[in-house]
Amino acid sequence: VYSDVAAIREKVSGVAGVSVEQNASVSLKYGDVTLDDVQIIGSTPDYTTVRNVSVANGRFFTDREAERGEKVVVLGSDVAASLFGEEDPVGQTIQANNVKLTVIGVLEPKGLAAGTNFDELVYTPINLIFKKFSPSFFARIRGDSVRTIYVSVDENVEMDNVIQQVTVLLANRHEVTTDSLDFTI
């Protein structure tokens with residue numbers, strides 16, 4: 001669940017960043033340009049560390065904006081170019097479906113990594129996804145369950161040690177034994 005993210009960040013030593021992603025498909029509109037079927041990634045501020053992406057212009061969202069589900073968005077470089085051309089997107093308002101979002105940043109081009117083209121995505125606080133873009137009644141009922149939590153490990157720390165800490169922490173939080181885990185790492 002989403003609250004596991006904060007628990008890992010606070011209680012596991014050797015962690016460089018913890019991020020979670022919940023995505024939805026939206027239509028983006030700015031002026032007379034519309035882009036259909038754009039993936040909007042709801043995440044947390046550690047996304048930039050964990051996924052190794054950098055902001056080229058503006059900034060990424062803060063913990064406070066993530067918690068509150070503020071209506072802010074960071075654009076992948078291809079999306080920014082498609083919507084804005086040469087114009088600076090930062091400070092502009094776009095529409096994702098019928099939700100108005102303020103552009104606060106644009107990412108450096110990253111391209112394709114592990115089957116994902118980061119430049120074609122847009123990024124927003126995860127709580128905004130839960131509030132505005134959960135695709136179905138079922139997703140709203142499930143509430144803040146998440147499919148994947150990404151953890152990056154400090155480079156001078158033993159990976160197996162962090163895996164062990166995360167395993168024990170989540171087993172306790174999920175009230176399962178280490179023999180009957182309801183998650184994989």
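**View 1. Ser 77 is a buried residue in a predicted model.** The relative accessible area of Ser 77 is 15%, and because buried means under 20%, Ser 77 falls in that class. The structure shown here and in the views below is a predicted model. Ser 77 belongs to helix α4, which spans residues 77-84. Apart from neighbours within four places in sequence, Ser 77 is in contact with Val 106, Leu 107, Pro 109 and Asp 119.

**View 2. Tyr 30 and Phe 84 form a tilted aromatic pair.** The structure holds 5 aromatic pairs. In the pair of Tyr 30 and Phe 84, the distance is 4.1 Å centre to centre, with 40° between the planes. Tyr 30 is in strand β2 (residues 22-30) and Phe 84 is in helix α4, so the pair ties together parts that lie 54 residues apart in sequence. Tyr 30 and Phe 84 are both buried.

**View 3. Tyr 47 and Tyr 123 pair within a cluster of rings.** The ring centres of Tyr 47 and Tyr 123 are 5.1 Å apart and the planes stand at 50°, so this pair is tilted. Tyr 47 lies in helix α2 (residues 47-50) and Tyr 123 in strand β10 (residues 122-125); the pair thereby links distant parts of the chain, 76 residues apart. Tyr 47 and Tyr 123 are buried. Ring pairs join these two residues with Phe 60 and Phe 61 into a cluster.

**View 4. Two charged side chains sit over aromatic rings.** Arg 51 lies over the face of Tyr 150, at 4.3 Å from the ring centre. For Lys 110, the charged end is over the ring of Phe 118, 5.1 Å from its centre.

**View 5. Strand β7 is largely enclosed by the rest of the structure.** Strand β7 covers residues 99-107, and 7 of its 9 residues are buried, so the strand is largely enclosed. Strand β4 (residues 55-58) runs antiparallel to β7 and is joined to it by 3 bridges. Strand β5 (residues 72-75) pairs with β7 in the parallel sense over 4 bridges. Val 106 of β7 is the bridge partner of Asn 57 and also of Leu 75. Val 106 is among the residues in contact with Ser 77 as well.

**View 6. Strands β6 and β7 form a hairpin.** The hairpin has 2 residues between the strands, and Asn 97 takes a positive phi near 55°. Strand β6 (residues 93-96) and β7 run antiparallel, joined by 4 bridges. Ala 96 has Val 99 as its bridge partner in β7.

Terms used
Residues numbered from 1 in each chain as written. Predicted model: local features only at pLDDT ≥ 70, side-chain atom pairs only at ≥ 80, totals over all residues. Heavy atoms only, no water. Buried < 20%, exposed > 50% of the residue type's maximum accessible area, 1.4 Å probe, protein only. Contact = heavy atoms within 4.5 Å. Phe/Tyr/Trp six-rings, centres within 6.5 Å; stacked < 30°, edge-to-face > 60°. Lys NZ or Arg CZ within 6 Å of the ring centre and 35° of its normal. Pairing = 2+ DSSP bridges.
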